[in-house]
Amino acid sequence: MSWQDNYQVWQQQPTMIPYIKHDLDAIANDDSAKQAAFSAPMSFGTAGMRGVMGPGIGQMNVYTVRQATEGVARYLDTLDDATKQQGVAISFDSRYHSREFAHEAAHVLGAHHIPSFVFDDMRPTPELSFAVRHLHTAMGIMITASHNPKQYNGFKIYGPDGGQMPPKASDMITDFVRSAKDVFAIAVADEQALRADKTLQIIGENVDQPYLQNVESVTINHDLVQSVGKTMKLIYTPLHGTGKVIGERALRGAGFQNFTMVPEQAIADPEFPTVPFPNPEFAQAFDMAIALGKKEGADLLVATDPDADRLGAAVRQPDGDYQLLTGNQIASILLAYILKARKQAGQLPANGRVVKSIVSTELATKIAAAYGVEMKNVLTGFKFIAEQIHEYETTGDHTFLFGFEESYGYLIKPFVRDKDAIQSTVLLAEVAADYKQRGMTLYDGIEELYATYGYFAEKTTFEEFPGVDGADQMAHLMSEFRENAPQSFADSKIETVEDFSTSTKTTADGTTSTIDLPQSNVLKYWLSDGTWICIRPSGTEPKVKFYIGTSDQTDAAAQKRLAGYETALKQYVDSVK
């Protein structure tokens, strides 16, 4: 049907939820808004779905959440009854409608006689991953839009290992979601009836305590934390999100006593009123933490995004100002500490492996190699890191030591199978205490790594493609890179092209080999000076992302080289888009 027909179908629903009916009426004379909301269904992929909240088949609302959950329920209906009765763990963040969406999901599952275990209040994404494993549920659902602006919400699905659903199962669920075409015909059960027969159970502290007990195991040097951690000053901000529920308890449990939460940002507020974007990647997210840090003389500032799976940090400089760290820098310094501490303790396994995404820093590869540890590269998406952990546990061929993505996501211990900012906060505080004991800061530690391994510089940029034609424009850009392939960037010849859509690696002389990773719409170029450039469409937002990684003998030289490649890449994109 056309978007006009879809709009009329929704307008004519006699039992429409009143606030959604109000929103429908509000856009009655806005054709562009109606076209965006009613032209196409929300995209449902391996990470679930994410989008702007509002009425219509193309936005996040009660009806599209019911449709997504119906797909999950139909998938579970195909499994044996024992697996189905393991049920689904459900959590949610601090956004508008998150609690409502979580309970609506439970109502749809209940109509299929599938048990659900819903948190009593907002909890982080990593704790949802833990809950799936701890409660041995068949699946998990997390209602969150992670670090997106306040207008967004999302629906993420997790498999029985606590990782995001693997492609085969996810594809089946996607098919079932699309088959549930009439969103108004989806059956929902009554909550009180579900509670009465225990098909819907409320969880909370019974999961919090074992999760926090596991987080305590992340600490490596307990004596260090007890001696330095008690006095080291730390500022923590959950950016109005789920970190406030569990982050403070995790820090205290680890032994860090001298920390302060940014009070204005410790309020769970779906407006995210103190930040333009609740994203620890952005400098503005630290404005209030920096102000408080200067007042209290804090050594370290830590911020977690609304669902507490991403962590950003800033460290005090000699002049009293604060330097923000990149996700790659945080990952590198965490990795260096883990490997050094395990080697000193005689606990570095011979079959140890670190896992990172293909768009993350090669500094980590050098650090791992220095300790005789293998680096495994996987596609972007933490589910691929979770798959590696599962494989290592199944085969025993390798021992997982650390996993990360450059987008501020890290995992230290695999009792969680997604990026975990709570674990990372505790360990990063310990690393800061280690450097403080040596009269250094975390930034000094980064400089120490650069002096040892070379100065690395990375940058991520993007081109946005909003509107109904956005997907076609993104596809056109990717096809231009393939059909009118560049031969060089900034006078540096392309020596190898990795096209993950065909799983092929092609060198300049035409030699091809196979890439042992799942197929994905990603291109990566390796240049003659060791620089790499990667291009991939985002899986959750209407944008194409561009990643650049390079290195040199000095920071100034590395930054100059990075800027040159950024300019050359932008010129090529502008010429073909």
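Helices here are DSSP runs of H or I, at least four residues, numbered from the N terminus. By that count, helix 15 spans residues 363–370, and G372 follows helix 15 with a positive phi, near 70°. The model is predicted. This briefing covers an open sheet of 5 strands, the buried side of helix 15, the second largest pocket and the residue N6 in helix 1.

**The open sheet**

- The sheet has 5 strands, in the order 8-7-9-10-11.
- Its pairing is mixed, and the sheet is open.
- Strand 8 (259–261) and strand 11 (322–325) stand at the edges.
- Each of these two has a single partner strand, so one side of each has no neighbour in the sheet.
- From one strand to the next, the twist averages 20°.
- Strand 10 (residues 311–316) and strand 11 run antiparallel and are joined by 4 bridges.
- A314 has L324 in strand 11 as its bridge partner.

**A helix across the sheet**

- Helix 18 (residues 442–453) lies across strand 9 (300–304), strand 10 and strand 11.
- Helix 18 runs at about 55° to strand 11.

**Helix 15 and its cover**

- In helix 15, the buried residues are L363, A364, I367 and A368.
- These residues cover an arc of only 135° around the axis, so they sit on the same side of helix 15.
- Two helices are among the elements that cover them: helix 14 (327–344) and helix 18.
- Strands also take part in the cover, including strand 13 (374–378), strand 14 (399–405) and strand 16 (455–464).
- Helix 18 thus appears twice in this briefing: it lies across three strands of the sheet, and it helps to cover the buried residues of helix 15.

**The second largest pocket**

- The second largest pocket holds about 520 Å³ of space.
- Its lining is made of 20 residues.
- P41, I57, Q67, K181 and V183 lie nearest the centre of the pocket.
- Helix 1 (3–11), helix 4 (62–77) and helix 8 (167–179) each give the lining at least two residues.

**N6 in helix 1**

- N6 has its place in helix 1.
- The relative accessible area of N6 is 10%. Buried means under 20%, so N6 counts as buried.
- Leaving out residues up to four places away in sequence, N6 touches M1, F38 and I57.
- I57 links two topics: I57 touches N6, and I57 is among the residues nearest the centre of the second largest pocket.

Terms used:
Residues are numbered from 1 along each chain as its sequence is written. This is a predicted model: local features need pLDDT of at least 70, side-chain atom pairs count only at pLDDT 80 or more; totals for chains, interfaces and linings use all residues. Side-chain values use heavy atoms; hydrogens and water are left out. Two strands pair if DSSP finds at least two bridges between them. Axes are lines fitted to C-alpha atoms, for helices over the stretch in contact, and angles run from 0 to 180 degrees between N-to-C directions. Contact means heavy atoms within 4.5 Å. Buried means under 20% relative accessible area, exposed over 50%, partly exposed in between (1.4 Å probe, protein chains only). The arc is that of the directions from the helix axis to the C-beta atoms. On a 1 Å grid over the protein atoms alone, a cavity is a set of points where a 1.4 Å probe fits but cannot get out, and a pocket is an open set with protein on both sides within 12 Å along at least five of seven lines; lining residues have an atom within 4 Å of a point. Grid points are joined across faces, edges and corners, and a volume is the space filled by probe spheres set on the points.
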